[in-house]
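Please examine the model shown here with attention to its aromatic rings and its cysteines.

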Amino acid sequence: MTRSRCILAHVRAATQGLTVQASNCHPFRRGELAFMHNGDIGGFEKLRRALLNGLTDQSFDQIRGSTDSEHLFALICDRLDASTETDPLRRMVGAMRESIARVRAAPGQHAPEEFLYLNLVLSDGTRAVAARYTTDAEGGTPTASTSTAGAATSAEGRAPVTWWPRERTKARSLVASEPLSRDEGWEKVPVGSFVTVDSDLSTDRELVGV
């Protein structure tokens with residue numbers, strides 16, 4: 001059995017036109033940070049140079065693969081390094097918000113016909129920020145749901161599956177693209193929203209606002 005206070009798991013189809021290789025696989029890491037992205041930066045091949053030009057040397061040098069996701073992570077790391085916010089969770093929220101705004105502005109200059117589809121998760125192992133955002137119609141972006149319930153029956157109707165500690169007195173929080181069980185504790189994350197999970201596992205929502 002694997003035990004951890006924070007687990008990130010990601011299965012995703014390869015980005016169109018890019019090589020399937022280890023350096024392109026999620027989650028991407030830098031120090032204690034881990035990042036995942038489900039979705040697409042439309043027209044990325046046209047935007048890539050503009051996004052790279054705005055990076056510091058440190059963030060540019062951390063890019064090992066060729067995916068839109070890893071480039072977005074480099075943007076977020078840049079904003080984290082530049083932040084003066086002292087609260088770790090607010091610092092992560094601010095960096096993600098500024099990076100989404102930066103990527104949102106890029107298609108207008110280089111690929112105005114393209115859209116963003118962003119389901120994002122950033123964690124430092126103690127706290128996490130997830131975002132669901134698109135510039136397309138609401139139904140266009142991948143879904144996301146949250147739950148703070150306990151053990152539940154799996155989506156296939158089999159025996160109860162424990163996704164988090166069994167002790168119901170303990171706090172727990174789960175964010176997933178699709179509900180992982182049939183219990184009633186799941187809530188859909190609205191488009192244009194952040195889900196924040198603090199170090200005490202308290203969970204909240206706020207608008208992305210870009």
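The following paragraphs discuss the aromatic pairs and then the cysteines.

The model is a predicted one. Two aromatic pairs are present in the structure. One of them joins Phe35 and Phe73, whose ring centres are 5.3 Å apart and whose planes differ by 5 degrees. This pair is classed as stacked, because planes under 30 degrees apart meet that description. Phe35 belongs to strand β2, which covers residues 33-41, while Phe73 belongs to helix α3, which covers residues 68-82. The pair therefore ties together parts that lie 38 residues apart in sequence. Both Phe35 and Phe73 are buried.

The rings of Phe115 and Tyr117 form a tilted pair, because their planes stand at 55 degrees, an angle between the limits of 30 degrees for stacked and 60 for edge-to-face. The centres of the Phe115 and Tyr117 rings lie 6.5 Å apart. Are these two residues buried or partly exposed? Phe115 has a relative accessibility of 33% and so counts as partly exposed. Tyr117, at 18% relative accessibility, counts as buried, because the cut-off for that class is under 20%.

The cysteines come next. How many disulfides does a search of the whole structure find? The search finds zero, which means that no pair of cysteine sulfur atoms lies within 2.5 Å. Cys6 is partly exposed, with 29% relative accessible area, whereas Cys77 is buried, at 1% relative accessibility.

Notes: Residues numbered from 1 in each chain as written. Predicted model: local features only at pLDDT ≥ 70, side-chain atom pairs only at ≥ 80, totals over all residues. Heavy atoms only, no water. Buried < 20%, exposed > 50% of the residue type's maximum accessible area, 1.4 Å probe, protein only. Phe/Tyr/Trp six-rings, centres within 6.5 Å; stacked < 30°, edge-to-face > 60°. Helix = DSSP H or I, 4+ residues; strand = E, 2+ residues; numbered from the N terminus.
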